[in-house]
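Biologist: I should like to learn how to read contacts between chains and the packing of helices. Could we work through an example together?

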Amino acid sequence: MPSIPSADALSSWLSARIATYVQRKPDEIRSDVPLAEYGLDSVYALTLAGDLEDHLGMSLDPTLMWDHPTIAGLTQALLQVLTSA
Amino acid sequence: MTPPADPTSVEALEQRLGDPWDDANPVGFSQVLGADERGELLDAGERLLDAYGLGAEFVPVSDGGRMAGLDRLIGIMRAVFRRDPCLGLGYGASSLIAAVNVWTAGSASQRRTVADLLLRHRKLACGYYELAHGNDLSRAEFEALPAGDVLRLSGTKQVISNIHRADAVVLFARTQPGTGSRNHSQVLVDLTRVPSDRVTHLPRFRTAGMRGVPLGGITFQDCPVPADGVLGTPGQGLETALKSFQVTRVALPGMFLGIVDTGLRTTLRASLGRTLYGRAVADLPQTRSVLADTFADLLLCDAFTTAAARGVHLLPREASLTTAAVKYLVPRVLMDAMGRLSTVLGARFYLRDGDTAVFQKLLRDLQPVGFGHLARVAGQMTLLPQLPLLARRGWANPTPAPADLFRLDAPLPPLPFDKLALGGGGQDGFTGSLLEGLEALSATPGAETRELRGRLESFARELEGLRSEAAALPPRELTATASPASYDLTTRAITLMAASACLNVWRQQAGDPFLGDPAWLLAALHRLDVWRERAQGPLPEGLRTRLFTELLARHEDARAFDLTRKPLGGGRPSPASSPET
């Protein structure tokens, strides 16, 4: 079973990832802003879910990104999935 | 002729439809063309389909209908499309497109409502489209905002089949403002109960083809409807749509294939009955070549759609991938084939009277296969974001699809609407089966399969390059704004899946005198190579002769030009009259 990252580590990883997607600096990505505001449309959920699966070593439903459209919300949701797995 | 034992079978439907070329047949081509000229759906055809109970084919068996295998549904609808695409779309497919949303996300009571309506031969309309937003569903503006225990509908939906006569409609609507992917829902609305002063019907949209299909539009002005019409949970709309499309975007091209079956039959019949340069047109090598190419195209398209349709049952997780691939490839191949056939007919493909008049109608009616319901490019856009994961997973460690997926007659479990997913998780069983099939061939090398192995190896080699390029795609290249080079990667992946479908259908048909012969497979792979611009020119002479002989035998025996070889209504064909008489 993979070890569970801290909320901070996960949140930073997500910011870095999103920053790569939209070609901006990680510190320009705010954790409380919906990702759609950065120009990420619905299909990015597939890309992000795939990257997260590889990073966390578990399988995820891409709709999790739709249900939790901010980095802060997604971090909490992911930690919940990780701890209940 | 003795009636088939099963009154709901394709054969039974074909018998009901009877001889298309008989002018006295109320659902023959003369009547079909008459209705088209008047811009009406053929009334006798609608009554025939009522009597057959076509609506039941859109209702799952568990809900009281006859919808079991998606391949069966395609076969039945293909028979309707062979006769009259307007009936196919206007009577049938448009209700199916709407109903699938209900089977994917609806409650028990919503399912009962829709099942009951379809079993009573009533119509269900599908209100998805807003001309301003095309396939960009997440920008749909039509509103169904909650207010107490009702939803208030505001906005306009356009180009909807049957909206003026449907008992109910599934509307794709914004149920809350804002960005993101959870703001839309499908709403099932009972049109017999909406307050009439809040609803306006738009004038009919006039179209180049499918002229008999009543395409309307509807505007709701702050119209209250019960809030329990939402399918699934509020905000689930985009997810339900993307899952439902996986059923319809393979089913519709599979149905539209029937148009080219009739197009080919019309052209062959005319070529046999016409003399030019001192011999029958069908005896001219160039004519035979076009006819054989088209037959190969039909077999290619049918192998791909049938395997993908069976895949929705057997590999539902990957259906987003395979059905998007079908939607991109099959419509283009069908439209190109029909264009090529028109060159054989010469001026007669353009005439609205005479023995080949149905051709010009079919040519027009075929076009929506490319853009209708979903555009071909939407298929590519579904594949694009999945490429990097495919490169990292399924293409790096290929896993074959279950063999039953390619067995034409193997029974299928019910459609697993609950197992459909937004993405395939990086798996691609079709490509896995391509490699597996090639390996099996290479394990028993023989002279008769040498050419086949050569062809297939060139497809398999493609995978390595595709994998490294897909792995290197930056995220910005995975969405609508991707460059043409990235879109091209999806085309390459699609051809591998199509090649796998043909190879593996062939492998499972070893005992069949035609489908077990490598000739059709080689022909289909050649057509695929032409399509992906790796080959050009007509089929080699040996293949052309083999395919033309089969085509002619099927024509004389009145059998379908697809994988099923089903007998057609009306039995053996009467010869075409020459244009002079």
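Modeller: Certainly; please bear in mind that this is a predicted model. Let us start with the interface, where 19 residues from chain B and 19 residues from chain A take part in the contact.

Biologist: Which elements give two or more residues to the side of chain B that touches chain A?

Modeller: They are helix H7 (237-273) and helix H13 (387-392) of chain B. By class, this side of chain B has seven nonpolar, nine polar and three charged residues.

Biologist: What does UniProt list for residues 5-82 of chain A?

Modeller: The unreviewed UniProt entry gives "domain: Carrier" for that range of chain A. In the model, residues 5-82 of chain A are 59% helix and 0% strand, with the end C-alpha atoms 9 Å apart.

Biologist: How are two packed helices described?

Modeller: One states the angle between their axes and the distance between the axes. In chain A, helix H1 (residues 7-22) packs with helix H4 (residues 71-84) at an angle of about 130°, and their axes are 9 Å apart. H1(A) and H4(A) are therefore oblique to each other, since angles over 145 degrees would be needed to count as roughly antiparallel. The crossing of H1(A) and H4(A) is right-handed.

Biologist: Which residues in H1(A) and H4(A) meet?

Modeller: From H1(A) come Ala7(A), Leu10(A), Ser11(A), Leu14(A), Ser15(A) and Ile18(A). They meet Ile71(A), Leu74(A), Thr75(A), Leu78(A) and Leu79(A) in H4(A). The contact of H1(A) with H4(A) comprises eight nonpolar and three polar residues, with no charged residues.

Technical notes
Residues numbered from 1 in each chain as written. Chains lettered and ligands numbered in written order. Predicted model: local features only at pLDDT ≥ 70, side-chain atom pairs only at ≥ 80, totals over all residues. UniProt positions renumbered as here; feature names shortened; annotations may be inferred. Helix = DSSP H or I, 4+ residues; strand = E, 2+ residues; numbered from the N terminus. Contact = placed C-beta atoms within 7 Å. Nonpolar A, V, L, I, M, F, W, Y, C, P; charged D, E, K, R; others polar. Axes fitted to C-alpha atoms, helices over the stretch in contact; angles between N-to-C directions. Parallel < 35°, antiparallel > 145°, perpendicular 65-115°, else oblique. Left-handed = near helix turned anticlockwise from the far one by under 90°.
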